[in-house]
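Please work through the exercises below with the sequence and the model open side by side. Each task is followed by a solution that proceeds step by step.

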Amino acid sequence: MNILNFITWNPSLDAFSIGPFSIRWYSLMWLIGLALAYLMVRWLYKKQGIPNEKFEPLFIYCFMGILIGARLGHCIFYQPDYFLTSWKGVTEMFLPIHIDATGGWHMTGYQGLASHGGTLGLILALLLYVRQFKVPVWTVLDNIAIATGITACCIRIGNLMNSEIVGKITDESLPWAFWFVQNDGPQQVVLRHPGQLYEAIAYALYFLLCVVLYKKMPQKVGTGFYFGLCLAYIFTFRFFIEYFKEVQEAFEQGLPFDMGQILSIPFIIIGAYYMIKGLRMK
C-alpha cells in the first residue's frame with residue numbers, strides 16, 4: 001500500500017494458503033465477526049443468568065439465518081433477472097458455485113450477500129430459536145443487537161479487502177481517497193471514497209456505544225431498546241452512506257433512492273419505534 005496523495009489499494013484476495021486450499025479475507029472476516037459476536041453474547045447470557053444449554057444452539061441459528069437471508073436478499077432484491085429466470089441462476093442462488101456455458105462448474109463461494117436480507121434472516125432464525133428453547137424473545141433480540149456491530153464491522157472490512165461495494169469517484173483533495181486497482185484496473189488511476197471503511201468505522205462505534213449503554217442500563221435488555229437502537233442506528237447510517245457509494249445494479253440509476261436506501265427506510269421506522277418504546281418501559 002503506497003500513500004502519496006491517495007491510497008493505492010490492491011491486496012491479495014487470499015489471507016493465507018495451506019497447500020492447495022486458500023482462505024479468502026472476506027470469509028476470514030465473516031468468521032472473525034461471528035466468533036466475536038459469539039463471545040459477546042455468551043458473556044451477556046452469563047451476566048443475565050441464562051443457562052448455558054440455552055446459549056449453545058444460538059450460534060447455529062444465527063449463522064444459518066444470516067447466511068440464507070443475506071444470500072436470498074441479494075439474489076431477489078439486486079439480481080432477480082439473473083437468479084430467478086433460469087435453472088442455472090436458481091442453482092447458483094443456493095449453491096456456492098458458478099456454472100459455465102458448457103455446463104461445467106467450479107467453486108466460487110457465495111458472491112453476493114445483502115445486509116438487509118441478512119437482518120431479516122437473522123430475526124426469523126431468532127424467532128425459531130426462541131420458540132424452541134423458551135428464552136424471552138426481547139432478551140434474545142436485545143442481546144444479539146448489542147453484539148451486531150462488531151460482526152457488521154468485520155464484514156465491511158472483508159468487503160474492503162475484496163475491493164467491492166466501492167465508493168463514488170472523488171479527487172486528490174480527499175487525503176484518504178482510495179484507488180481500487182482490482183475494481184477499476186491498473187491502467188488509469190480512479191480515486192474513490194472508501195465506503196466500506198466508512199461503514200466499518202460506524203459499526204465499530206455502534207458496538208462501543210452499546211457496551212457503554214449496557215453498563216449504564218443493563219435493565220433495558222428485554223425491553224426491545226437495544227434491538228430498536230440497532231436497527232435505527234445502522235440503517236440510518238446505511239441510508240446516508242449510500243450517497244457516497246456506487247450503485248450496485250444498473251436499474252438503480254433511474255430511482256430517486258437506490259435499493260439500499262429503499263430497503264433501509266422500514267428498518268429505521270421499526271427501530272425508532274422499539275427504541276422509544278424500550279426507553280419508556282420501566
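The exercises go from the whole chain to single residues, and the model they use is a predicted one.

**Exercise 1. The whole chain**

Task: Determine whether the radius of gyration agrees with that of a compact globule, and describe the overall make-up of the protein.

Solution: Begin with the inventory, which gives 11 helices and 7 strands. Next take the extent of the C-alpha trace, which spans about 60 × 50 × 45 Å along the principal axes. For 282 residues a compact globule would have a radius of gyration near 19 Å, and the protein has 20 Å, so the value agrees with that expectation. Then turn to burial: of the 282 residues, 46% are buried. The exposed area is about 14,800 Å², with carbon and sulfur atoms supplying 68% of it. Finally, take the contacts between residues at least 6 apart in sequence, of which 64% join residues at least 24 apart.

**Exercise 2. An open sheet**

Task: Work out which strands stand at the edges of the sheet β1-β6-β7.

Solution: The sheet is open, its 3 strands follow the order β1-β6-β7, and the pairing is mixed. β1 (7–9) and β7 (191–192) each have a single partner strand, which means that one side of each is left without a neighbour in the sheet, and these two are therefore the edge strands. To look more closely at one pairing, follow β1 to β6 (residues 178–180): the two strands run parallel and are joined by 3 bridges. Within this pairing, W9 has F180 in β6 as its bridge partner. As background, strands of a sheet pair through backbone hydrogen bonds, either parallel or antiparallel.

**Exercise 3. The buried face of a helix**

Task: Identify the buried residues of helix α5, and explain why they line one face of the helix.

Solution: In α5 (residues 87–94), the buried residues are G89, E92 and M93. Looking down the axis of α5, one finds these buried residues within an arc of 110 degrees, and they therefore line one face of the helix. The next step is to ask what covers them, and the cover includes α3 (58–77), α4 (80–83) and β4 (97–99).

**Exercise 4. Aromatic pairs**

Task: Classify the ring pairs Y82 with F83 and Y198 with F244, and state what the second pair ties together.

Solution: A pair of aromatic rings is described by the distance of the centres and the angle of the planes. The protein has 23 aromatic pairs in total. For Y82 and F83, the centres lie 4.9 Å apart with 85 degrees between the planes, and the pair is edge-to-face. Of these two residues, Y82 is partly exposed, at a relative accessible area of 30%, whereas F83 is buried, at 4%. For Y198 and F244, the centres are 6.2 Å apart and the planes stand at 85 degrees, so this pair is edge-to-face. Y198 belongs to helix α9 and F244 to the loop between α10 (225–241) and α11 (259–280), so the pair ties together parts that are 46 residues apart in sequence. F244 is partly exposed, with a relative accessible area of 37%. Ring pairs also link Y38, Y45, F55, F59 and F63 into a cluster.

**Exercise 5. Positive phi in two loops**

Task: Locate K134 and S163, and decide for each whether it is buried or exposed.

Solution: K134 sits in the loop between α6 (115–133) and α7 (137–161), and its phi is near 55 degrees, a positive value in a residue other than glycine. With a relative accessible area of 63%, K134 is exposed. S163 sits in the loop between α7 and β6, and its phi is likewise positive, near 55 degrees. S163, however, is buried, with a relative accessible area of 4%.

**Exercise 6. Two buried helix residues**

Task: Describe the surroundings of E199 and of F225.

Solution: E199 lies in helix α9 (residues 195–216), where it is buried with a relative accessible area of 0%. Leaving out residues up to four places away in sequence, E199 touches R156, F237, R238, I241 and K245. F225 lies in helix α10 and counts as buried at 5% relative accessibility. Beyond its neighbours within four places in sequence, the contacts of F225 include D142, L213, Y274 and L279. The C-alpha atoms of F225 and I276 are separated by 7.1 Å, although the two residues are 51 residues apart along the chain.

How values were computed: Residues numbered from 1 in each chain as written. Predicted model: local features only at pLDDT ≥ 70, side-chain atom pairs only at ≥ 80, totals over all residues. Heavy atoms only, no water. Buried < 20%, exposed > 50% of the residue type's maximum accessible area, 1.4 Å probe, protein only. Helix = DSSP H or I, 4+ residues; strand = E, 2+ residues; numbered from the N terminus. Arc of directions from axis to C-beta. Contact = heavy atoms within 4.5 Å. Pairing = 2+ DSSP bridges. Rg over C-alpha atoms; globule rule 2.2 N^0.38 Å. Areas by Shrake-Rupley, 256 points an atom, 1.4 Å probe, with all protein chains shown as cover. Phe/Tyr/Trp six-rings, centres within 6.5 Å; stacked < 30°, edge-to-face > 60°.
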